[in-house]
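Work through the exercises below with the model open. Each task is followed by a stepwise solution.

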Amino acid sequence: MDTSTFQFCSGPVLADAARVEGLHLHRKRLEGIGLKGLFAQDPDRFERMHVKAADLLLDYSKNLLDDAALQDLLALAEAAGLQQAIPALLDGAPLNHTEKRMALHTALRLRNDELPSSIASEVVAVRERMLATADRIRAGQWRGHTGKVINTIVNIGVGGSDLGPMMAVHALQDFAANDITLHFVSNIDPAHISQTLAQCHPDTTLFIVASKTFTTLETLANANAAREWLLSALQDEQAVSRHFLAVSVNLDATSRFGIAQENVFPMWDWVGGRYSLWSSIGMSIAIAIGSTQFRAFLDGGRAMDQHFRTAPLAANMPVLLGLLGVWHVNVLQAQSQAIIAYDQNLLHFPTYLQQLDMESNGKSVQRNGQPVTWQTGAVLWGGVGTNTQHSFHQLFHQGTPLVPVDFLVATNSHHPHAQQQAQLFSNCLAQSQAMMLGRDLASVQAEMRSKNVDEATIAAVAPHRVIPGDKPSNTIVYQTISPAVLGALIALYEHKVFVQSVIWNINPFDQWGVELGKQMSNDILDAMQAPDKIKRLDASTQALVNLFLKGQR
């Protein structure tokens, strides 16, 4: 494949009015049947509408979809060039065309002997040095400036340099070293770094400053605060080299900061921030779980990559998940998507996916520069069950917005109390079943009469207890969270996002909206420090800046 000239398709498939109208006709037909009707018509529906890959099982049978509608969605994918786009992504085509970059994060999951020759030596060298350093720290062989063993790690980053590692370290805590404490600092709010440092001791704390350019405002502000805290205690500039690592390509800046060059681990411009936990940004993960388990984590992602490359579209887990998202957003008109993990280890997984999904596909311009005329992306949100059942599931069941849900659940736990795992699993299944089946008025009335409720009360109360049903959900099941399973889960959602970007004809690998906010923040900060420049701001921003300055006096 000549990846330098790769094109997705001749035109955006969602601009094809006849094709889109056909999908809407499927929706109208299926609404007349309903999910209960689809299961009644086809008792083997689950057998045909689930797929397994990389130790995950996806059950997508609880979606308002049948074979005819699915075939048209698959035809949509083929027309969009998805079959050509998948190998283009995995083989390193420059798909990030607005920044003229590859999106080759998947290469970081390859084993040493599988890497493309153009990047192999560099990737292997950085990976092996990172893992060796992580194992040294875990073994107590890294000592601070005063000779004490490092037992506390503080990862300082923001966005992908924080969300991915924080999520993974929490998810894999059952595989982590018990004698090392990890903290994550991202917010420029001084409370975040101050409250974290209050839990640390200068003699035994190692900071990882994760910033590709070593210029990110939030990260550098927190890193400088950590540096001042360390030096105020140890009173020796040489201490910085024993208590700071960096993930960066800016060796001049890291050197000025005081970080020894051998303690700087590079990453590459073909790794976007939200895809970077596979790189040296994953140093904190490697310290937590060790090199062997980190390689298993990479292998889990690699297994999903292989499935994505080789499985037919109709049996391809990321493809199906992506097409279901297109169905929900562009046909059923859903505005949001919920991720509910019935797994306390995945507490931060929905937050991680928010960046992956919304920063990637929150776009309104097609790859050809023309405006998008269809909806792209959905607001992604969620949490952990069963907590979420007692907060916002009411909206799923009886609210007016349509919120498709992905449920994630394990069959086993790393912990005792097996009965609680059974209760957790049954709660997860009950929520997806209740969303699907609902409860009609006749059932509610019959139940109330069986309890001898008077007819006047039944007439007044029964309508409030009706649950419409026909709410779509997917269920992803795995045996238990492990490094390999987590790697597969992350890769699954990475590829799901990519599939949707191909259908929507957008670039999922840039984030110009984020860059604009950074630029404006710098301009406003500059004005705050030079009052004569405040008048260049709009009236609202001027007033708020003046309010801040007045409060600072």
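**Exercise 1: the pockets**

Task: Classify the lining of the largest pocket as nonpolar, polar or charged, and find which helix supplies the largest share.

Solution. The model is predicted.
Step 1. Sorted by class, the lining of the largest pocket holds eleven nonpolar, 16 polar and nine charged residues.
Step 2. These belong to a lining of 36 residues, and Thr216, Gly273, Gln511, Glu515 and Lys518 are the ones nearest the centre.
Step 3. At least two lining residues come from each of helix H7 (160-171), helix H9 (217-234), H14 and helix H20 (512-529). H20 has the largest share, five residues.
Step 4. The space in this largest pocket is about 970 Å³.
Step 5. For the second largest pocket, the volume is about 470 Å³. Its lining has 23 residues, with Gln344, Ser413, His415, Gln421 and Leu424 closest to the centre. Helix H16 (residues 418-437) contributes the most, four residues, and the classes are five nonpolar, 16 polar and two charged.

**Exercise 2: the sheet**

Task: Which strands stand at the edges of the sheet, and why is one side of each left without a neighbour?

Solution.
Step 1. The open, mixed sheet has six strands, ordered S1-S2-S11-S10-S8-S9.
Step 2. Strand S1 (50-53) and strand S9 (379-384) are at the edges; each has a single partner strand, so one side lacks a neighbour in the sheet.
Step 3. From one strand to the next, the twist averages 15°.
Step 4. S9 pairs with strand S8 (residues 336-342) in the parallel sense over six bridges; Ile340 has Gly383 in S9 as its bridge partner.
Step 5. Helix H14 (residues 349-361) lies across S8, S9 and strand S10 (405-410), at about 165° to S9.

Notes. Residues numbered from 1 in each chain as written. Predicted model: local features only at pLDDT ≥ 70, side-chain atom pairs only at ≥ 80, totals over all residues. Heavy atoms only, no water. Pairing = 2+ DSSP bridges. Axes fitted to C-alpha atoms, helices over the stretch in contact; angles between N-to-C directions. Contact = heavy atoms within 4.5 Å. 1 Å grid on protein atoms, 1.4 Å probe; cavity = no way out; pocket = protein on both sides within 12 Å on 5 of 7 lines; lining within 4 Å. Points joined across faces, edges and corners; volume = space filled by probe spheres on them. Nonpolar A, V, L, I, M, F, W, Y, C, P; charged D, E, K, R; others polar.
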